[in-house]
Amino acid sequence: MDGVITADEAQNEADWKVGVDIGGTFIDFCALEANSGRLASLKVLTTPEDPGAELMTGLTLLAEREGFDPAHMTRFVHGTTVGINTIIQRKGAPLALFTNAGFEDVIELARLRMPDMYSLFCSRPDPLIPRDMVFGIPVRMRADGSESRAPDMAAVERAVAVAKANGAQGIIVSFLHSWRNAVQEASVKAAIAHLAPELFVFCSAEVWPVIREYERSSTAILNGYVHPRVSGYLTALEERLKGQGVPARPMLTKSNGGLMNAAEGKHACVNMLLSGTASGVIGASWLARQAGEDRILTLDIGGTSADFALIIDGKPQFGTGELIGEFPLHIPSVSVSSIGVGGGSIASVDAQGVLRVGPESAGSTPGPACYGRGGERATVTDAMVVCGWLGHSEMAYGQLSIDTGLAQRAVGELAARLGRPVEQTAQAILDIAVSEMFVEVEKLASRAGVDLRDFTLMPFGGGGPMLGAFLARELGMKRVMAPRRPGVVSALGGLVADLRGDFIRTMFSPLSGTSLPAIREAFETLAQEGRDWLVAQGHNAAAQFNLSCDMRYIGQSYEIEVVLSPEWLANGNAAAIADAFHLTHQRLYDFHDPYGTIELVNVRLSAVGAGPKLSFPEIDVIAAPAIPARRLSVYTGVNVETIDLHDRQTLAPGSTFQGPAVVVQEDTTFAIPAGAQASVDRHLNLLLTFPE
């Protein structure tokens with residue numbers, strides 16, 4: 001990412017734009033000085049005991065190394081794992097749920113599905129709110145939005161008293177049909193605020209106003225569960241930035257790949273649960289467009305997990321129902337599949353003598369054994385060191401030095417239990433990690449109906465380049481593209497992301513010419529909400545509004561999202577909308593019913609305010625063989641071979657070399673298997689091609 005330039009006109013005063021992403025092991029920084037086009041990057045070990053402290057450490061190091069001045073920071077974008085880690089670790093706020101009397105089992109019943117229907121040992125996760133903290137309130141709203149029974153305020157008062165006595169910090173209010181009329185939820189919220197002002201309250205209709213009480217309730221619960229930790233973290237973040245003299249209003253990356261300000265993030269916490277993974281895909285899609293690649297499989301490997309996503313026609317894919325730990329997230333988000341295999345994933349031998357990898361991770365404290373920070377259990381990173389792929393230069397911008405002896409000892413303990421040589425045990429750890437990723441990627445490709453042989457793999461994160469080429473080879477993919485700074489792609493994603501707000505309304509209506517006026521009115525209402533939201537984010541320039549509808553054939557249980565053109569609504573062209581639905585249904589399910597009656601369920605609108613316009617300079621290519629820095633010994637799976645080691649800084653556009661080889665750089669190490677042809681393109685991307 002060296003030499004990024006901006007389209008903004010140069011000014012005399014420095015103009016720093018900073019993207020930051022916090023992972024399980026490292027916090028990544030991507031800092032652009034817009035006037036000169038100079039880009040600085042950095043990785044700092046996280047501090048789980050004091051989230052946010054590593055941010056100040058990184059800003060201080062940027063100032064010392066790059067001349068970065070916090071007082072001249074005009075854009076600060078931050079992605080964090082505080083929310084998702086709170087859910088995964090189940091360290092959220094104690095909550096109570098107020099729902100309709102007779103519907104107290106709504107979150108336990110869910111959708112009556114088991115996570116793995118083919119497993120005899122499968123069980124559903126315990127809900128985030130225990131059953132004795134769910135209170136049924138005598139109240140009822142009809143499906144048409146008219147009130148059948150007003151809330152019983154005496155029951156509300158009793159429920160508040162019990163919830164407080166049981167230690168609740170917050171209350172979620174979710175009543176039937178509040179998507180149609182939210183007045184009952186609002187009146188109960190006001191009553192709770194009067195009875196117990198120390199408790200925070202979220203209503204399901206204000207978090208995500210859609211039909212289906214379980215999805216609406218669970219989304220509101222996730223929002224409330226992480227609220228105290230996220231709000232406290234963001235408040236401390238704002239104070240720390242202010243103390244550093246940063247004038248920029250802090251922005252947060254969202255699950256939908258867009259941005260929002262930190263003030264909104266304190267109450268709309270659910271929107272940032274997948275911020276880190278989403279911003280990685282946004283950064284990857286921007287890099288792909290710069291390089292002219294339109295079909296990409298992203299591979300983001302950090303210390304804890306490997307995340308996969310598809311970029312088609314240069315755009316990330318979106319969806320709902322992404323899993324947050326064990327719970328589905330029903331708001332729009334970048335579609336990412338994750339598996340608990342990362343650089344810090346711990347290898348172990350189970351009671352049956354079978355070698356396993358993950359999902360437990362060593363994290364940053366103590367970290368892999370080779371880091372020399374107290375870790376004693378073998379990890380994927382240690383296996384890379386034992387095989388010889390890793391450990392030939394300082395890591396993480398000089399913050400880590402690899403101790404080969406500690407890695408040998410950790411893997412050696414497993415080797416002794418298995419009765420195998422140390423190198424073979426290390427290779428087995430890597431093979432298992434790659435095979436587990438292979439299974440997850442195959443499932444992703446099957447769901448999307450794509451042939452991965454038509455895609456280019458883009459590995460990033462600290463661990464992506466270590467294992468990416470081996471995964472691509474197993475998948476039969478022909479191309480791999482590693483960006484110049486793969487370790488900070490997620491931070492770059494925040495830097496180039498747009499403001500994006502999602503808005504939704506449920507409106508059951510058959511699709512016909514007579515229903516179009518109501519649909520137009522719903523979109524106009526959402527568009528005004530979108531404009532107001534963008535203004536609240538500080539965006540007063542032109543905006544883009546993307547329209548879609550959730551539609552289905554009458555009689556179907558679930559709907560599909562169909563992208564709409566504004567002209568179809570303006571011209572009253574119901575036939576065009578119907579054709580778009582049929583085509584989408586055919587693409588997804590390989591059939592459609594041209595005579596079926598179509599029902600419109602939800603209307604959706606995303607309001608987009610464009611982010612900064614950045615671009616890469618193209619550097620002239622001078623074809624020449626790369627000159628290796630030195631030779632080293634690597635166990636390649638069969639025997640020890642002597643291969644080339646290249647320094648990424650010396651690889652110029654047009655440089656070529658053959659695998660097997662190792663490429664070292666400040667933020668990661670690229671392991672290149674035998675048979676790969678490597679070259680550097682005009683944007684300093686490292687390209688691998690495999691023979692047919």
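**A pocket and a helix pair**

Visitor: How much space lies in the second largest pocket?
Guide: In this predicted model, the second largest pocket holds about 490 Å³ of space.

Visitor: Which residues are the closest to its centre?
Guide: Glu206, Val207, Glu264, Asn271 and Asp502 are the closest to the centre, out of 25 residues that line this pocket.

Visitor: And which helices and strands each supply at least two residues of that lining?
Guide: Helix H6 (204-207), strand E26 (499-510) and helix H15 (516-536) each do so. E26 gives the most to the lining, with 5 residues.

Visitor: How do the lining residues divide into nonpolar, polar and charged?
Guide: The lining of the second largest pocket has 12 nonpolar, 6 polar and 7 charged residues.

Visitor: Changing topic: at what angle do H12 and H13 pack?
Guide: Helix H12 (residues 422-448) packs against helix H13 (residues 464-475) at about 55 degrees, and their axes are 10 Å apart.

Visitor: Why are they called oblique?
Guide: Roughly parallel helices have angles under 35 degrees and roughly perpendicular ones 65 to 115. The angle of about 55 degrees belongs to neither range, and H12 and H13 are therefore oblique to each other.

Visitor: Is the crossing left-handed or right-handed?
Guide: H12 passes H13 in a right-handed crossing.

Visitor: Which residues meet there?
Guide: From H12, Leu430, Ala433, Val434, Met437, Phe438, Val441 and Glu442 take part. Their partners in H13 are Leu467, Phe470, Leu471, Glu474 and Leu475.

Visitor: What is that contact like by class?
Guide: The contact of H12 with H13 has 10 nonpolar and 2 charged residues, with no polar ones.

Conventions
Residues numbered from 1 in each chain as written. Predicted model: local features only at pLDDT ≥ 70, side-chain atom pairs only at ≥ 80, totals over all residues. Heavy atoms only, no water. Axes fitted to C-alpha atoms, helices over the stretch in contact; angles between N-to-C directions. Helix = DSSP H or I, 4+ residues; strand = E, 2+ residues; numbered from the N terminus. Parallel < 35°, antiparallel > 145°, perpendicular 65-115°, else oblique. Left-handed = near helix turned anticlockwise from the far one by under 90°. Contact = heavy atoms within 4.5 Å. Nonpolar A, V, L, I, M, F, W, Y, C, P; charged D, E, K, R; others polar. 1 Å grid on protein atoms, 1.4 Å probe; cavity = no way out; pocket = protein on both sides within 12 Å on 5 of 7 lines; lining within 4 Å. Points joined across faces, edges and corners; volume = space filled by probe spheres on them.
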